[in-house]
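Thanks, everyone. I have one model to go through, and I will keep to its open spaces, its ligand and two backbone details. Please look at the screen.

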Amino acid sequence: MAVSVGAARLGLAALRRLPAEARPLVRPGAVQAGVVHLGLGAFHRAHQAVYTEAAIGAAGGDWAIVAVAPRNPAMVEALAAQDHLFSVTTLSGGGTGTRVVGALAGVRHAPSAPDAVLALLADPAIRVVTLTVTEKAYQLDPATGRLRPDRALAADLAGDRPPTTVPGLLLRGLAARAAADAGPVALVSCDNLPANGVRLRGLVEQAVRQATGVPGALPEWIAGNVTFPGTMVDRIVPASTAETLAQARRALGVSDLAAVAAEPYAHWVIEDDFPGGRPAWDRAGAVLTADAGAWERLKLRTLNGVHSAAAYLGALAGRETIAEALEIPHLAGVLRRLIAEDVAASFTPPDGVRVVDYGEEVLARFGNPAIRYRTLQVASDGSQKLPQRVLHTIADLRAAGRPARWAALVVAGWLRFLLGYTDDGRPLPLEDPLGDRIRAALAAGRQTPARAVDAVFALREIVPADVAEDDEVRTDVTAWLTALERHGVAATLAGAA
Ligand code: CS2
């Protein structure tokens, strides 16, 4: 991102010049750290950081966040130069508002200072570790949850140098914490994984089993001292652009290289299992509950599943953003049928929630013209997203003896996207950690839609066996893929409506 830095920079010295409504609720330095967060992306800054600041503002407590960037140093440098301050601009059709957030007590770059990160994880003052590292950083097979270490994680498991991967940092950090007898801690996944708490526990347990050089008593220490609360996280936060930074600068009068913009809506449901205490997130509007499962399924299947549907079909039709995709004739109608006929029939929603009403709200949020969320951003990493967003919907419908016709269209949209070109022949990028395996499978099965379905459905790390072996699902996906290939998105939707 090319940025010109002419104006003064955001930082403590700039705060008194800001309009009162733009100032942070918490002044960095005034509150000690109690949370470590892994993943310094836009989503964290516009979601957990905002909730945590509001929780500290409402109820106090030493719960400021030390945020760790697992890979990219750019955000660490930007925030370090700004006394850890950044702004969130709320975008709605009705206008914008910008406010500086003071939740961060520090930032670290894991690759250049792994030992500092391990020391933090072993610090008794840190009692909560949250994560937004995206699905692929967990290195779990999306369909099964089996740990599939890449070379970097294999080296972390062997333990002959400081860890470089997220699972490696957690493994060695917990080992250091156990050795220091630093007290219990909650590890909280805020990624869009299915049953994310269970997945994170599975990750840690598998990593401990496969690692060398960890004490034999570590599993027992983890069982007695570490919890893995599940969460449902929600806020649409597009990747920041030069326009995001320009908006922040216009509002603040200083430049903010860590600025983010987001929709007004935000939601967070958290399982209340924090053995070392937690910020008063409930005072900030989060829902603390015994079981977040129903909320998580609601959100992954309705919001994320429909997001992916709009992304694949929109990208094929040459639409740059989700809001533009929704203007494709008949798409909104098809998405409504996906929600009403398939998603709503696939699971039991939380008490008092009607899936179709929630779905209407989701479609309205997607249509927010001020949010430019790129179809290609949602379309990326499909292998990591499709199971929990769409394939579980299909599996549950089929187990109940029901058809899954509209969900099959989403799978066909993904397969058609994997072929790598739009309806008018322009190239589409395939960004996916399993991209090589997908490409190899498709190269073998490219000749006909049925063979493409066979080839990708054979990838059991992505497509669970119950879905892959279901002839009715294969027939539906093949029919949709044939239509998309022959006639394109517009005509396929017109024919379906
Ligand atoms: C999106 C999500 O990029 C994507 O895949 O579907 O990031 C989505 O915007 C968030 O989950 C909304 O809470």
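By class, the residues that line the second largest pocket divide into seven nonpolar, seven polar and eight charged. This is a predicted model, so please hear everything that follows as computed from it. The volume of this second largest pocket is about 310 Å³. Its lining has 22 residues, and those closest to the centre are Pro194, Ala195, Asn196, Val198 and Glu296. Three elements give two or more residues each to that lining: helix H7, 196-210, helix H10, 293-316, and helix H15, 382-399. In terms of domains, at least three of the lining residues come from domain 1, 12-289, and at least three from domain 2, 293-496.

Next, the ligand. Which residues surround the ligand? Going up the numbering, they are Asn192, Val233, Asp234, Arg235, Lys299, Leu303, Asn304, His307, Tyr373, Val378, Lys385 and Arg389. By class, that shell has four nonpolar, three polar and five charged residues.

Three side chains deserve a separate word, and I will take them in order. For Tyr373, an N or O atom of the side chain is 2.9 Å from an oxygen atom of the ligand. The side chain of Lys385 likewise has an N or O atom at 2.9 Å from a ligand oxygen. For Arg389, the distance from a side-chain N or O atom to an oxygen of the ligand is again 2.9 Å. As for burial, the ligand on its own has 350 Å² of accessible area, and the protein covers 91% of that.

Which elements give two or more residues to the shell around the ligand? They are strand S9, 231-234, together with H10 and H15. H10 has the largest share, with four residues. Why do I place the ligand between the domains? Because domain 1, 12-289, and domain 2, 293-496, both give residues to the shell around it.

Now the enclosed spaces. How many cavities of 30 Å³ or more does a search of the whole structure find? The search finds six. The largest cavity holds about 60 Å³ of space. Its lining consists of Glu135, Tyr138, Leu140, Pro142, Leu193, Pro194, Arg199, Gln384 and Gln388. Sorted by class, that makes five nonpolar, two polar and two charged residues. You have heard one of these names already: Pro194 lines the largest cavity, and Pro194 is also among the residues closest to the centre of the second largest pocket.

Last, the backbone. His84 is not a glycine, yet its phi is positive, about 70°. You will find His84 in the loop between helix H3, 74-80, and strand S3, 86-92. His330 is another residue other than glycine with a positive phi, in this case near 75°. The loop that holds His330 runs between helix H11, 322-325, and helix H12, 331-343.

That is all I have. I can go back to any of these views.

Note on methods:
Residues are numbered from 1 along each chain as its sequence is written. This is a predicted model: local features need pLDDT of at least 70, side-chain atom pairs count only at pLDDT 80 or more; totals for chains, interfaces and linings use all residues. Side-chain values use heavy atoms; hydrogens and water are left out. On a 1 Å grid over the protein atoms alone, a cavity is a set of points where a 1.4 Å probe fits but cannot get out, and a pocket is an open set with protein on both sides within 12 Å along at least five of seven lines; lining residues have an atom within 4 Å of a point. Grid points are joined across faces, edges and corners, and a volume is the space filled by probe spheres set on the points. Ala, Val, Leu, Ile, Met, Phe, Trp, Tyr, Cys and Pro count as nonpolar, Asp, Glu, Lys and Arg as charged, and the others, Gly among them, as polar. Domain bounds come from an automatic or database domain assignment. A residue is near a molecule or strand if one of its heavy atoms lies within 4 Å of it. A polar contact is a pair of N or O atoms within 3.5 Å; within protein, one must be able to donate a hydrogen and the other to accept it, and residues adjacent in sequence count only if both atoms are side-chain atoms. Accessible areas come from the Shrake-Rupley method with a 1.4 Å probe; for residues, only the protein chains shown count as cover.
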